[in-house]
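Work through these exercises with the structure open beside you. Try each task before you read its solution.

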Amino acid sequence: MSTYRDLAHRGSARATVLRTVGTRERRSHLTAPRVPTVGIDIGGTKVMAGVVDADGTILEQLRAETPDKSKSPRVVEDTIVELVLDLSDRHDVHAVGIGAAGWVDADRNRVLFAPHLSWRNEPLRDRLSGRLAVPVMVDNDANAAAWAEWRFGAGRGEDHLVMITLGTGIGGAILEDGQVKRGEYGVAGEFGHMQVVPGGHRCPCGNRGCWEQYSSGNALVREARELAAADSPVAYNLIDRVQGNVHDITGPFITQLAREGDAMCVELLGDIGQWLGVGIANLAAALDPSCFVVGGGVSAADDLLILPARDAFRRQLTGRGYRPEARIARAQLGPEAGMVGAADLARLVARRFRRAKRRRVERYERYERYAQGRRAADEQTAATSQETPS
């Protein structure tokens with residue numbers, strides 16, 4: 001792949017990019033070429049890249065940090081390019097898929113807004129396709145994760161699936177009949193900003209009472225830190241474990257203590273799960289899917305979160321007892337779901353790139369045959385001239 005690196009740096013090869021995949025998605029897992037592609041998952045603190053085969057297996061994975069001072073669009077783009085070039089030295093990369101934590105427009109070119117990066121109406125696809133010698137696909141990270149779970153994980157076989165990602169906030173995605181539903185402007189699935197408590201906790205989006213203020217990693221940590229800061233008796237074990245440093249309380253640490261049997265941490269995760277179930281019941285009333293897949297970092301709490309969510313869902317579901325209930329399942333692919341999904345979606349655009357590459361090769365072969373024929377004819381003419389007496 002040294003040629004790949006040379007082309008990428010020279011910019012002499014232009015990537016062939018589909019403007020939109022659209023209706024092709026439904027049959028993509030049957031008709032897309034079985035070639036390795038790179039998936040990129042971009043978060044506020046890290047860029048994760050991996051080569052993924054057609055069965056969703058990660059062949060190699062790399063990670064780069066994006067510290068606060070390096071969140072400018074250009075620096076993040078440079079990081080992506082370096083990761084792709086590094087992987088391309090060892091793998092035959094045919095396309096690159098980007099899962100971005102932000103709002104991506106309907107054409108999947110521009111990141112309209114990213115809460116944790118300095119992307120505002122950023123033409124990410126065009127910028128990257130101009131630097132890489134393969135086609136580039138850009139989508140929201142929750143859409144990519146949902147696609148991966150539908151193809152390879154907890155959502156296999158489901159015709160109507162809703163993905164909920166619990167991390168710092170709440171993201172989401174909708175799949176129907178094998179297609180990601182992005183909405184008219186590309187920003188469907190922002191479930192975390194549904195209002196569930198009028199006049200409730202202030203959200204960074206500017207509103208109050210958003211769902212993610214009650215069922216997310218931030219909500220879990222906020223509640224635990226408030227109890228610890230108030231020196232609540234129920235938080236004594238937690239305070240002791242962090243030696244009084246409230247800022248050392250994190251979501252994974254709370255989950256760890258809950259698994260060890262800490263009553264307060266179990267209760268906090270139960271509260272998060274209850275709010276999760278309330279929101280899922282609202283989504284069921286609006287969307288009526290057959291399955292909800294819960295992913296993101298907070299889902300690592302497993303039954304400590306999922307069981308309370310199922311309980312609240314059954315109690316809050318409209319028409320409960322007289323309608324089928326959607327299945328609620330924990331995501332199976334873990335933190336790699338967005339990367340795997342982005343790579344698999346990119347396989348769609350790899351089809352057109354392969355065809356264009358094949359046509360270039362065929363043109364080159366025809367030219368070579370023509371040139372060889374001309375050289376043979378010239379040599380024959382020269383030989384005949386030498387044999388002819390003057």
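**Exercise 1. In this predicted model, find which residues of helix α8 (residues 251–259) are buried, and which elements they pack against.**

Solution.
- Step 1. Apply the cut-off: a residue is buried under 20% relative accessible area.
- Step 2. List the residues of α8 that pass. They are Gly 251, Phe 253, Ile 254, Thr 255, Leu 257 and Ala 258.
- Step 3. Recall the helix geometry. An α-helix has 3.6 residues a turn, so residues three or four places apart point the same way.
- Step 4. Look for the partners. The buried residues of α8 pack against α6 (217–229), α7 (236–241), α9 and α10.
- Step 5. Check what comes after the helix. Gly 261 follows α8, and its phi is positive, near 100°.

**Exercise 2. Compare the reach of helix α10 (residues 303–316) with the expected span, then describe its buried residues.**

Solution.
- Step 1. Count the residues: α10 has 14.
- Step 2. Take the span from the first C-alpha to the last. It is 19 Å.
- Step 3. Compare. At 1.5 Å a residue, 20 Å is expected, and the span of α10 is close to that.
- Step 4. Name the buried residues of α10: Leu 305, Ile 306, Pro 308, Ala 309, Ala 312 and Phe 313.
- Step 5. Find what they touch. These buried residues pack against β9 (160–166), α9 (263–287), β12 (291–295) and β13 (327–330).

**Exercise 3. Classify Ala 263 as buried or exposed, and give the separation of its C-alpha from that of Asn 237.**

Solution.
- Step 1. Place the residue. Ala 263 is in helix α9.
- Step 2. Use the cut-off for exposed, which is over 50% relative accessible area. Ala 263 has 60%, so it counts as exposed.
- Step 3. Turn to the pair. Ala 263 and Asn 237 are 26 residues apart along the chain, and 9.5 Å separates their C-alpha atoms.

**Exercise 4. Which residue forms a salt bridge with Glu 60, and which residues share the network?**

Solution.
- Step 1. Start from the principle. Side chains of opposite charge can pair when their charged atoms come close.
- Step 2. Find the partner. Glu 60 pairs with Arg 90, and their closest N and O atoms are 2.8 Å apart.
- Step 3. Locate both ends. Glu 60 sits in strand β3 (residues 58–65), while Arg 90 lies in the loop between α3 (73–88) and β4 (96–100). This pair links distant parts of the chain, 30 residues apart.
- Step 4. Check the accessibility. Arg 90 has a relative accessible area of 43%, so it is partly exposed.
- Step 5. Widen the view. Glu 60, Asp 86 and Arg 90 are linked in a network of salt bridges.
- Step 6. Count over the whole structure. The search finds 20 salt bridges.

**Exercise 5. Describe the salt bridge between Glu 158 and Arg 327, and say how far apart in the chain the two residues are.**

Solution.
- Step 1. Take the distance. It is 2.9 Å, N to O.
- Step 2. Locate the residues. Glu 158 is in the loop between α5 (141–152) and β9, and Arg 327 is in strand β13. They are 169 residues apart, and the pair links distant parts of the chain.
- Step 3. Classify each end. Glu 158 has a relative accessible area of 15%, so it is buried. Arg 327 has 37%, so it is partly exposed.

**Exercise 6. Where are Arg 108 and Asp 231, and what is the phi of each?**

Solution.
- Step 1. Place Arg 108. It is in the loop between β5 and β6 (111–113).
- Step 2. Give its phi. For Arg 108 the value is near 55°, positive in a residue other than glycine.
- Step 3. Classify it. Arg 108 is buried because its relative accessible area is 5%.
- Step 4. Place Asp 231. It is in the loop between α6 and α7.
- Step 5. Give its phi. For Asp 231 the value is near 55°, again positive in a residue other than glycine.
- Step 6. Classify it. Asp 231 is partly exposed because its relative accessible area is 45%.

Definitions and conventions
Residues numbered from 1 in each chain as written. Predicted model: local features only at pLDDT ≥ 70, side-chain atom pairs only at ≥ 80, totals over all residues. Heavy atoms only, no water. Helix = DSSP H or I, 4+ residues; strand = E, 2+ residues; numbered from the N terminus. Expected span 1.5 Å × (residues − 1). Buried < 20%, exposed > 50% of the residue type's maximum accessible area, 1.4 Å probe, protein only. Contact = heavy atoms within 4.5 Å. Salt bridge = Lys/Arg side-chain N within 4 Å of Asp/Glu carboxyl O.
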